[in-house]
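Welcome, and thank you for stopping by. Please take a moment to turn the model around before reading on; we will then walk through it together.

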Amino acid sequence: MKLSSEADVQKFKDTVKKCKGIVYIIDPQTGTVFNLMSLFAEYLAIGNLLSDKGDDLEIFCTKGEDEQLFYDLFRNLDEPFDWKWPKS
């Protein structure tokens, strides 16, 4: 899941703000976990999402309805995503 523009970043941040549960981004290669409810961690995660390693990151939501918000986001972004929910 890689973001490619400033507009994508803003849509992503808006989606995180709408979430009722906790949203995490995990880098499976390093084990780094970004809790997106923390503003500092959100900026670090966005930096990674904009970089080449953005395609390797996985997103997790603690509430099912929050997952739908991200499905809608990724379906409507300008760039097509080859994106799957990770197995929990």
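A good term to start with is "buried", which here means under 20% relative accessible area, whereas exposed means over 50% and partly exposed lies in between (1.4 Å probe, protein chains only). A second one is the salt bridge, a side-chain nitrogen of Lys or Arg within 4 Å of a carboxyl oxygen of Asp or Glu. For charges, Lys and Arg count as positive and Asp and Glu as negative, while His and the chain ends are not counted.

What you are looking at is a predicted model, in which local features need pLDDT of at least 70, side-chain atom pairs count only at pLDDT 80 or more, and totals for chains, interfaces and linings use all residues. Residues are numbered from 1 along each chain as its sequence is written, and side-chain values use heavy atoms, with hydrogens and water left out.

Let us begin with the overall plan. The protein has 3 helices and 3 strands, and from the N terminus on they run α-β-β-α-β-α. Helices (H or I, at least four residues) and strands (E, at least two) are DSSP runs, numbered from the N terminus. Of the 88 residues, 38% count as buried. Contact means heavy atoms within 4.5 Å, and among the contacts with a separation of 6 or more, 66% come from residues 24 or more positions apart.

The helix α1 (6-18) is a good place to start the tour. Its 13 residues reach 19 Å from the first C-alpha to the last, close to the 18 Å expected at 1.5 Å a residue; the expected span is 1.5 Å times one less than the number of residues. D8, V9, F12, K13, T15 and V16 of α1 are buried. These residues cover an arc of only 160° around the axis, which puts them on the same side of α1. The arc is that of the directions from the helix axis to the C-beta atoms. On the other side of α1, E6, K17 and K18 are exposed. The cover over the buried residues of α1 includes β1, α2, β3 and α3.

Why can a helix have sides at all? An α-helix has 3.6 residues a turn, so residues three or four places apart point the same way.

Next come the strands, where two strands pair if DSSP finds at least two bridges between them. The strand β1 pairs with β2 in the antiparallel sense over 4 bridges, and β1 also pairs with β3 (residues 58-61) in the antiparallel sense over 4 bridges. You can trace individual partners: D27 stands opposite T32 in β2, Y24 has N35 of β2 as its bridge partner, and I25 stands opposite I59 in β3. The hairpin of β1 and β2 has 4 residues between the strands, and G31 takes a positive phi near 80° there. β1 itself has a covered face, with V23, I25 and D27, and an uncovered one, with Y24 and I26.

Helix α2 (residues 39-50) tells a story like that of the opening helix. It has 12 residues and reaches 17 Å from its first C-alpha to its last, close to the 16 Å expected at 1.5 Å a residue. In α2, the buried residues are A41, E42, A45, I46, N48 and L49. Seen down the axis of α2, they fall within an arc of 160°, so they line one face of the helix. L39 and F40, on the other side of α2, are exposed. The buried residues of α2 pack against α1, β1 and β2.

One residue of α2 deserves a pause. E42 is buried yet has no salt bridge, and the nearest side chain of opposite charge, K13, is 4.3 Å away. Not counting residues up to four places away in sequence, E42 touches K13, V16, N35 and L36.

So where does a salt bridge occur? A search of the whole structure finds 1 salt bridge: D72 forms it with R75, the closest N and O atoms being 2.3 Å apart. Being 3 residues apart in helix α3, the two are separated by about one helical turn. D72 counts as partly exposed at 26% relative accessibility, and R75 counts as exposed at 56%.

Our last stop is Q68, also in helix α3 (residues 64-76). Q68 is partly exposed, with a relative accessible area of 39%. Q68 and C19 are 49 residues apart in sequence, and 9.9 Å apart in space, C-alpha to C-alpha.
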